[in-house]
Amino acid sequence: MFSRALKPVASVAVQNGVKNFSTSSQKNFKVVVAGASGGIGQPLALLLKQNPLVTKLALYDIAPVTPGVAVDLSHMDTPAKVSGHKGPEQLCDAVKDADVVVIPAGVPRKPGMTRDDLFNTNASIVRDLAACVASVAPKAVVAIITNPVNSMVPIASEVLKKAGVYDPAKVLGVTTLDVVRAAAFIGEINCVDPRQVCIPVIGGHSGVTIIPVLSQSKPAVNLKDQAKIEALTQRIQEAGTEVVKAKAGGGSATLSMAYAGARLTGSVLRGLNGECDVVECAYVKSDLTEATYFANPVQLGRNGVEKNLGFGTLNAYEQQLLKAAIPELKKNIQTGEDFVKKC
């Protein structure tokens, strides 16, 4: 059902000591990583540099190290051309004419900090980045990693609306990490390759808004006891906290988030490139529930989100999870929209 992780970079032939990259896909997409020098941004850029659909990779951050990160990546023997841009004065040069803008920018989560605690700083960052996209890359697909995602997607959407360039098919919240975590945990339980696990995770990207639809897992989860199903659900919902605690103050989920962000970006690019049946879960504008934004499987194509695939039939327990999630989602969405109204 879902698109899997990044496909191989390309076939590589070695002739006279020179590597020749070949792929049947066209390679003409510019991708921007906004927040490229951070804990998520650097490994995300590393993964995107290997994607054969990326022709130009523009790295932006306020950190002075950003041009150096770009030079470092430019020494990799993959075709994408990398540019580094630092500071607000170089933001629009980085974003101009982008096809996809991925936003991991923001302050990281620390022990004892909820995603709501991140709001004020990160809201301003996403607002300013969205304003730049509206000005110089209005047709770009915007993929938002910055937390709290439940509020950041509405912020970007409202900014784009104010600028008159909003396209709901082109603004996505990256909830892919919840999907890959669920697949990893189920793979461990079932003793199978997690890449063969297909599991939709719907709702949002924090706490009770994360709803793993375990009843739809393929293969089925090898858990018959309801208490164990509930324990697995809670682990998926609180997996971010699991990482924060394990790092003992040293950071949050950066490497797995970079992997998830690269997977979603790769799927967006495959859709833009005309590939059929590219499906991922993403947090998008929605009328499926009372929440005006909601994550579930969507089909990606040349215009971003081509079709919302819904979330199918939920069992009684999952319906309870949905009921608990909706009020929190609505509150998160309203917080984001109110922030833009006050600006």
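A residue counts as buried here when its relative accessible area is under 20%. Glu-158, at 17% relative accessibility, therefore falls in the buried class. That's a handy way into the salt bridges of this predicted model, which holds eight of them. Opposite charges on side chains can pair up once the charged atoms come close. Here's a look at three of the pairs.

**Within a helix: Glu-158 and Lys-161**
- Glu-158 bridges to Lys-161, with 3.0 Å between the closest N and O atoms.
- Both sit in helix α5 (residues 149-162), and because they are three residues apart, about one helical turn separates them.
- While Glu-158 is buried, its partner Lys-161 is partly exposed at 36% relative accessibility.

**Partly exposed partners: Glu-242 and Arg-235**
- Arg-235 pairs with Glu-242, and their closest N and O atoms lie 3.1 Å apart.
- On the acid side, Glu-242 has 37% relative accessibility, so it goes down as partly exposed.
- Arg-235 gets the partly exposed label too, at 32%.

**Loop to helix: Glu-290 and Lys-330**
- In the Glu-290 to Lys-330 salt bridge, the closest N and O atoms are 3.2 Å apart.
- Glu-290 comes from the loop between β11 (278-285) and β12 (293-301), whereas Lys-330 belongs to helix α10 (residues 316-342), so this pair ties together parts that are 40 residues apart in sequence.
- The loop residue, Glu-290, is exposed with a relative accessible area of 59%.
- Over on the helix, Lys-330 is partly exposed, with a relative accessible area of 37%.

Key: Residues numbered from 1 in each chain as written. Predicted model: local features only at pLDDT ≥ 70, side-chain atom pairs only at ≥ 80, totals over all residues. Heavy atoms only, no water. Salt bridge = Lys/Arg side-chain N within 4 Å of Asp/Glu carboxyl O. Helix = DSSP H or I, 4+ residues; strand = E, 2+ residues; numbered from the N terminus. Buried < 20%, exposed > 50% of the residue type's maximum accessible area, 1.4 Å probe, protein only.
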